[in-house]
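Visitor: I am new to protein structures and would like to be walked through this one slowly, with the terms explained as they come up.

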Amino acid sequence: MPLPHIHGPRDYSHITEIPYCAVPPSYNEFLEKYLEPNIPVLIGPTLTQPWRARQEWITSEGKPDFDRLRSQLCTQPVQVPVADCQSKAFSDQKRSTMDLKDFLDEWQAQSEAHEPAKTYLKDFHFVRSFPNYGAYETPDIFRDDWMNEFWTRRSDMDDDYRFVYCGGDGTFTPFHADVYRSYSWSANICGVKKWTLFPPGQEHLFIDSLHNTVYDIDSPENAKKFPGFDKAIKFELFQNPGETLFVPSGWWHQVQNIGDTISINHNWCNGSNLDLLLESITSDLKDVERSIDHLKEMMDEREWIETCQNMLLLNSGWDWATIWQMCTTIRNRILGQKTRGDLIVSESGTSIFPTTEATQEPKRAPLFPPPLLSQQPALDVTLKRLDIVLDYIRSIPSANWFLTHVKHISVDE
């Protein structure tokens, strides 16, 4: 079934460099120039200057203040996710966990000895671990964040997409596009990041027929494994302390830390990239169906549908129920704002965001506040896009059956 028309065409052919805004743009300027056309922008340090993290996590020389970080964050044991930048595991780095204090001790020792770092603290759910700390405030231009608004209100899990990254010189994140084809924003607290960004539409140059992708854009093996990769259009930039980069949907990228680096990152989405999320989940589902097509004759239709959705959730982190519930959650909030304006934002607790299952653990992730009217597009524009997506999912017989009979979610209009 062809995807519905939600958003106009996006054109990246005119881009010659990544734009830089010394003064943070207004929301309307950000929406028009960067969010809707899906174009990156680097924003000057004024945006992050008031943050506690910028005031207290670094020394006067702009280095990580290891003593203060330990005194503020290590009063109790905290397990953090880390990656070994010298060990590859499939398409990512080898992952493990370690105590935050142990990580800071190791990082400081390597930094002071001027040794190359290999351990990279990444994807650390800082707000969930320190809900009352207040390290930063989400900038107004990034507040229309459906992923964190929805995920922090789910009763079937305790999760969010608010992260802190910390690593020494040479640590890096391999070549990738962000989860669900979401946006991300990344604010540097200290250190410098080298970003290499690739506009969408070139995937055939770095993804082969078996769906293997380039791991490290600087690897000499790429010439043999991906012979067209050197023809890909790319943009390089250096993100300095205090600066914030908006990474649009579907832009593949690799990031390398230069010096000791700390950053704060969110993954997020909204109506401006809703079409790309829908495209992503349908593509992921086709990949699942193709991978187990040899088993289809052994299952009845219902077992096939449920198996594919289970594998989709396992492999990609979402299924039809995830995107349906996110869209209906946001739609309900917008309908409330149409009648009550910003008053609903101050009242937006878990109760107005229904979910289907109860979590077994108490929630730690604080709720992400919905955007004010001034921090999102015209409500009718967003409602139209949401309705198109919901109608499309509703019209797919397998999705309709899965939502209704497996997840017991009403799809009636």
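The questions and answers below go through cores, cavities, a helix and salt bridges.

Guide: This is a predicted model, in which local features need pLDDT of at least 70 and side-chain atom pairs count only at pLDDT 80 or more, while totals for chains, interfaces and linings use all residues. Residues are numbered from 1 along each chain as its sequence is written, and side-chain values use heavy atoms, with hydrogens and water left out.

Visitor: Which strand gives the largest share of the largest nonpolar core?

Guide: A nonpolar core is a set of buried Ala, Val, Leu, Ile, Met, Phe, Trp, Tyr and Cys residues joined through side-chain atoms within 4.5 Å, where buried means under 20% relative accessible area, exposed over 50% and partly exposed in between, with a 1.4 Å probe and protein chains only. The largest such core has 59 residues, and F30, W57, F126, F142, F246 and I262 have the most contacts inside it. Helices (H or I, at least four residues) and strands (E, at least two) are DSSP runs numbered from the N terminus, and the strand that supplies the largest share, seven residues, is β8 (residues 183–198).

Visitor: How many nonpolar residues are in the lining of the largest cavity?

Guide: On a 1 Å grid over the protein atoms alone, a cavity is a set of points where a 1.4 Å probe fits but cannot get out, and lining residues have an atom within 4 Å of a point. The largest cavity holds about 100 Å³ of space, a volume being the space filled by probe spheres set on the points, which are joined across faces, edges and corners. Its lining includes W57, F126 and I262. With Ala, Val, Leu, Ile, Met, Phe, Trp, Tyr, Cys and Pro counted as nonpolar, Asp, Glu, Lys and Arg as charged, and the others, Gly among them, as polar, the lining has no polar residues, no charged ones, and a nonpolar count of eleven.

Visitor: Which element gives the most to the lining of the second largest cavity?

Guide: The second largest cavity has a volume of about 60 Å³, and its lining has two nonpolar, three polar and three charged residues. At least two lining residues come from each of β8 and β11 (252–268). The element that gives the most, with three residues, is β11.

Visitor: Which residue follows α13 with a positive phi?

Guide: Within α13, the residues A399, W401, F402 and L403 are buried. Their cover includes α9, α10 (320–340) and α12 (379–395), judged by contact, meaning heavy atoms within 4.5 Å. After the helix comes a residue whose phi is positive, near 55 degrees, and that residue is H408.

Visitor: How many residues apart in sequence are the parts that E36 and R385 tie together?

Guide: A salt bridge is a side-chain nitrogen of Lys or Arg within 4 Å of a carboxyl oxygen of Asp or Glu, and E36 and R385 form one at 2.9 Å, N to O. R385 is buried, with a relative accessible area of 12%. Because E36 lies in the loop between α1 (27–35) and β2 (41–43) while R385 lies in helix α12, the separation in sequence of the parts they join is 349 residues.

Visitor: Is D160, which forms a salt bridge with R162, buried or exposed?

Guide: The closest N and O atoms of R162 and D160 are 3.0 Å apart, and R162 has a relative accessible area of 6%. At 0% relative accessibility, D160 counts as buried.

Conventions. On a 1 Å grid over the protein atoms alone, a cavity is a set of points where a 1.4 Å probe fits but cannot get out, and a pocket is an open set with protein on both sides within 12 Å along at least five of seven lines; lining residues have an atom within 4 Å of a point.
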